[in-house]
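Please open the structure in the viewer and keep the sequence panel visible. The tour proceeds by selections, each followed by a description of what is found there.

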Amino acid sequence: MIKVLIADDQAMVRQGFGALLAAQPDLLVVGDAADGAQAVAAARRLDPDVVLMDVRMPVLDGLAATRKLLGDRSAQRPRVLILTTFDLDDYVYEALRAGASGFLLKDAPAADLVQAVRVVAAGDALLAPAVTRRLIAEFAARPDRHRPRPTDLAGLTPRETEVLRLIARGRNNTEIAGDLVVAEQTVKTHVGRILAKLGLRDRVQAVVLAYETGLVAAGE
């Protein structure tokens with residue numbers, strides 16, 4: 001059973017999402033929160049597997065709440081799925097950098113929301129929507145003096161670098177295996193080594209790093 005916490009400042013959204021998710025046999029809504037501070041407190045109390053986190057909330061916005069939840073190394077950290085009404089939003093990009101496992105537009109079909117919860121709960125990152133790649137490319141193209149340098153990828157082998165480039169282009173393991181003519185298990189091994197070597201949480205962070213270091217250029 002996947003435990004879900006819903007954080008949104010609109011009661012109707014919380015109720016609607018809650019009813020939708022509660023109707024699934026493998027999902028359990030353990031609570032909800034009307035602002036980011038409540039979300040952090042509830043997550044620490046209820047220990048959900050996934051937090052649906054609205055971006056724009058009072059008291060503490062979704063970005064700050066995500067940083068608090070995922071920055072606390074002493075606590076069990078849930079997967080965070082960002083919900084937003086905007087497909088290009090500074091807050092969303094920063095949340096991905098903070099360790100969120102992906103984001104979904106609020107007007108996405110109900111089936112997409114249910115699948116997104118299952119995907120991130122399984123430890124994968126939600127990269128399927130094309131808008132995710134567009135958002136990352138947009139903000140990674142902006143100058144940032146704190147941006148990682150290309151040399152940060154020096155520890156990767158040529159094949160691992162190639163796999164990272166394909167991940168950043170939105171390819172899943174099956175597609176990468178086809179591109180490289182290798183077994184899918186081999187791709188999974190490469191992905192695991194890439195994340196371990198770079199100290200990354202999941203594929204979303206790998207995509208962000210690939211753009212920020214210039215391994216993949218915006219618009220490719």
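**The whole chain**

Begin with the entire protein, which contains 10 helices and 5 strands. The model is predicted. Of its 220 residues, 48% count as buried. Among the contacts with a separation of 6 or more, 67% join residues 24 or more positions apart. If a surface is displayed, the exposed area amounts to about 10300 Å², and carbon and sulfur atoms supply 51% of that area.

**First stop: Ala7**

Select Ala7, which is placed in strand β1. Is Ala7 buried or exposed? Ala7 counts as buried because its relative accessibility is 0%, and the cut-off for a buried residue is under 20%. Next, add the residues that Ala7 touches, leaving aside those up to four places away in sequence: Ala33, Ala39, Leu52, Met53, Asp54 and Met57. A distance to display here is the one between the C-alpha atoms of Ala7 and Gly31, which is 8.7 Å; along the chain these two residues are 24 residues apart.

**Second stop: Asp8**

Move on to Asp8, in the loop between β1 and α1 (11-22). Asp8 has a relative accessibility of 0% and therefore counts as buried. Which backbone nitrogen does the side chain of Asp8 reach? The side chain of Asp8 reaches that of Gln10, at 2.8 Å. Beyond residues up to four places away in sequence, Asp8 touches Val13, Arg14, Ala33, Ala34, Asp54, Met57 and Lys106.

**Third stop: helix α2**

Select residues 36-46, which form helix α2. Colour Gly36, Ala39, Val40, Ala42 and Ala43, since these residues of α2 are buried. As a guide to reading such a pattern, an α-helix has 3.6 residues a turn, so residues three or four places apart point the same way. What covers the buried residues of α2? The cover includes the strands β1 (2-7), β2 (27-33) and β3 (50-54), together with α3 (62-71).

Now inspect the two ends of the helix. The N-terminal end of α2 is capped by Asp35, with a side-chain oxygen 3.0 Å from the backbone nitrogen of Ala37. Just after α2 comes Asp47, which takes a positive phi of about 55°.

**Fourth stop: helices α7 and α8**

Select residues 158-168 for helix α7 and residues 173-180 for helix α8. The axes of α7 and α8 come within 10 Å and cross at roughly 130°. That angle makes α7 oblique to α8. The crossing of α7 past α8 is right-handed. To view the residues that meet, show Arg159, Glu162, Val163, Leu166 and Ile167 in α7, and Ile176, Asp179 and Leu180 in α8.

**Final stop: helices α8 and α9**

Keep α8 selected and add helix α9, residues 184-198. How do α8 and α9 pack? Their axes are 8 Å apart, at an angle of about 110°. The two helices α8 and α9 are therefore roughly perpendicular to each other. From α8, Asn173, Thr174, Ile176 and Ala177 meet Glu184, Val187, Lys188 and Val191 of α9.

End the tour at Ala177, in helix α8. Ala177 counts as buried because its relative accessibility is 8%. Apart from residues up to four places away in sequence, Ala177 touches Val182, Ala183, Glu184 and Val187. A last distance to display runs between the C-alpha atoms of Ala177 and Lys188, which are separated by 9.3 Å; the two residues lie 11 residues apart along the chain.

Terms used
Residues are numbered from 1 along each chain as its sequence is written. This is a predicted model: local features need pLDDT of at least 70, side-chain atom pairs count only at pLDDT 80 or more; totals for chains, interfaces and linings use all residues. Side-chain values use heavy atoms; hydrogens and water are left out. Buried means under 20% relative accessible area, exposed over 50%, partly exposed in between (1.4 Å probe, protein chains only). Helices (H or I, at least four residues) and strands (E, at least two) are DSSP runs, numbered from the N terminus. Contact means heavy atoms within 4.5 Å. A polar contact is a pair of N or O atoms within 3.5 Å; within protein, one must be able to donate a hydrogen and the other to accept it, and residues adjacent in sequence count only if both atoms are side-chain atoms. Accessible areas come from the Shrake-Rupley method with a 1.4 Å probe; for residues, only the protein chains shown count as cover. Axes are lines fitted to C-alpha atoms, for helices over the stretch in contact, and angles run from 0 to 180 degrees between N-to-C directions. Angles under 35 degrees count as roughly parallel, over 145 as roughly antiparallel, 65 to 115 as roughly perpendicular and the rest as oblique. A crossing is left-handed if the near helix is turned anticlockwise from the far one by less than a right angle, and right-handed if clockwise.
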